[in-house]
Amino acid sequence: MTCFSIAIDGPAGSGKSTVARQVAKELGLTYVDTGAMYRAITWKALKQNVDLEDESSVARMSQETDIQLSSENGVDVWVDGIKVTNDIRTPQVTSNVSLIASQARVREILVDKQREIAQKTGVVMDGRDIGTHVLPKANLKIFLTASIEERAQRRHRELTQRGYSVDWDQLKEEIRLRDEKDSVREHSPLRPAEDAIHLDTTGLSIKEVVQAILNLSRTKAIGGE
Ligand code: CDP
Ligand code: CDP
């Protein structure tokens, strides 16, 4: 049996996790934040002083790591039983995650976990390679974008609310750099699937984007595609 699945990909700050979480709630599907998994491995590697460039050490550590994502709120994350929801979103993790995500073995291990979840239950899964690689047969594929200015503004607002003082130019440069690293890497780079629907969310509210995706998913479900 294949379960209904929606793949949402796009660059940093395009609104993937916020929108995917709400779409999942509306449709009674499980939200899977694949970025949280790459962040979880990065957090643990930093904590254990694993050399982040040493691919075999990182892979060995990943193999031995238990990652749990909350199916209740789609936000909470546990690594080996420790709740790391906030710890995986620090600037230190954010600036190192693309390096970990560029490593083929880590990706294989996490992609297996992601596919396992999608085999058991209907999902809205967000990331960078969901439509192109993780769920190539997803019922609906969305590629979310927004201008770099808007994405940086969103991130700035979010980080300020969480108590971080952030330099605007530096934040914008970090987002640009992370998108570039994610786009040019060899394994499963960030790019839209050929059959993805592109949604430019510049100037759109969260509610408008959620509604657009719900409308598209209803069309797919009714059409039986
Ligand atoms: O939420 P934000 O856009 O900051 O990033 P995220 O979704 O938490 O993902 C963090 C990082 O994990 C990305 O910058 C990618 O390097 C990596 N990632 C990936 O390579 N493949 C995925 N399916 C999801 C995330
Ligand atoms: O997961 P991704 O990095 O793509 O983005 P996100 O973490 O869902 O969204 C980044 C920030 O932008 C969050 O604070 C959202 O509330 C906000 N956002 C927005 O203001 N308008 C949208 N249309 C989408 C997200």
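Mentor: A polar contact here is a pair of N or O atoms within 3.5 Å. The model discussed is a predicted one.

Trainee: How far is a polar side-chain atom of R178 from an oxygen atom of ligand 1?

Mentor: R178 is one of the residues that come nearest to ligand 1, among 19 around the ligand. The cut-off for a polar contact is 3.5 Å. The pair formed by R178 and a ligand oxygen is separated by 2.8 Å.

Trainee: What share of the area that ligand 1 exposes when taken alone does the protein bury?

Mentor: Arginine side chains other than R178 also reach the ligand: an N or O atom of R39 lies 2.7 Å from an oxygen of ligand 1, and for R128 the corresponding distance is 3.1 Å. On its own, ligand 1 exposes 530 Å², and the share buried by the protein is 97%.

Trainee: Which element gives the largest share of the shell around ligand 1?

Mentor: Two or more shell residues come from each of α2 (34-47), α4 (91-101) and α8 (168-184). With four residues, the largest share belongs to α2.

Trainee: How many charged residues does the shell around ligand 1 have?

Mentor: R39, R107, R178, D182 and R185 are the nearest residues to ligand 1. By class, the shell holds five nonpolar and five polar residues, and the charged ones number nine.

Trainee: Why is one side of β2 and of β8 left without a neighbour in the sheet?

Mentor: The five strands form an open sheet with parallel pairing, in the order β2-β6-β1-β7-β8. β2 (30-33) and β8 (197-200) stand at the edges, so one side of each has no neighbour in the sheet, and the reason is that each has a single partner strand.

Trainee: In β6, which residue is the bridge partner of D33?

Mentor: β2 and β6 (residues 123-127) run parallel and are joined by four bridges. In β6, D33 has as its bridge partner D126.

Trainee: What angle does the direction of helix α1 make with that of β6?

Mentor: In β6, D126 is the partner of D33. Helix α1 (residues 16-27) packs on this sheet and touches β1 (5-9), β2, β6 and β7 (140-145). Its direction and that of β6 make an angle of about 175°.

Trainee: At what angle to β3 does α2 run?

Mentor: α2 lies across β2 and β6, at about 40° to β2. The helix also lies across β3 and β4, and to β3 the angle is about 140°.

Trainee: In β5, which residue is the bridge partner of V79?

Mentor: β3, β4 and β5 make an open sheet with antiparallel pairing, in the order β3-β4-β5. β3 (67-69) and β5 (82-83) are its edge strands, each pairing on one side only. Two bridges pair β4 (residues 77-79) with β5 in the antiparallel sense. In β5, V79 is partnered by I82.

Trainee: How much of the accessible area of ligand 2 does the protein cover?

Mentor: A polar side-chain atom of T18 lies 2.5 Å from an oxygen of ligand 2, and an N or O atom in the side chain of E158 is 2.8 Å from an oxygen of the ligand. A nitrogen of ligand 2 is 3.1 Å from a polar backbone atom of L204. Of the 540 Å² that the ligand has on its own, the protein covers 85%.

Trainee: Which element gives the most to the shell around ligand 2?

Mentor: The ligand is surrounded by 16 residues, with G13, K16, S17, T18 and E158 the closest. By class they divide into five nonpolar, six polar and five charged. The most, four residues, comes from α7.

Conventions
Residues are numbered from 1 along each chain as its sequence is written. Chains are lettered from A and ligands numbered from 1 in the order in which they are written. This is a predicted model: local features need pLDDT of at least 70, side-chain atom pairs count only at pLDDT 80 or more; totals for chains, interfaces and linings use all residues. Side-chain values use heavy atoms; hydrogens and water are left out. A residue is near a molecule or strand if one of its heavy atoms lies within 4 Å of it. A polar contact is a pair of N or O atoms within 3.5 Å; within protein, one must be able to donate a hydrogen and the other to accept it, and residues adjacent in sequence count only if both atoms are side-chain atoms. Accessible areas come from the Shrake-Rupley method with a 1.4 Å probe; for residues, only the protein chains shown count as cover. Ala, Val, Leu, Ile, Met, Phe, Trp, Tyr, Cys and Pro count as nonpolar, Asp, Glu, Lys and Arg as charged, and the others, Gly among them, as polar. Two strands pair if DSSP finds at least two bridges between them. Contact means heavy atoms within 4.5 Å. Axes are lines fitted to C-alpha atoms, for helices over the stretch in contact, and angles run from 0 to 180 degrees between N-to-C directions.
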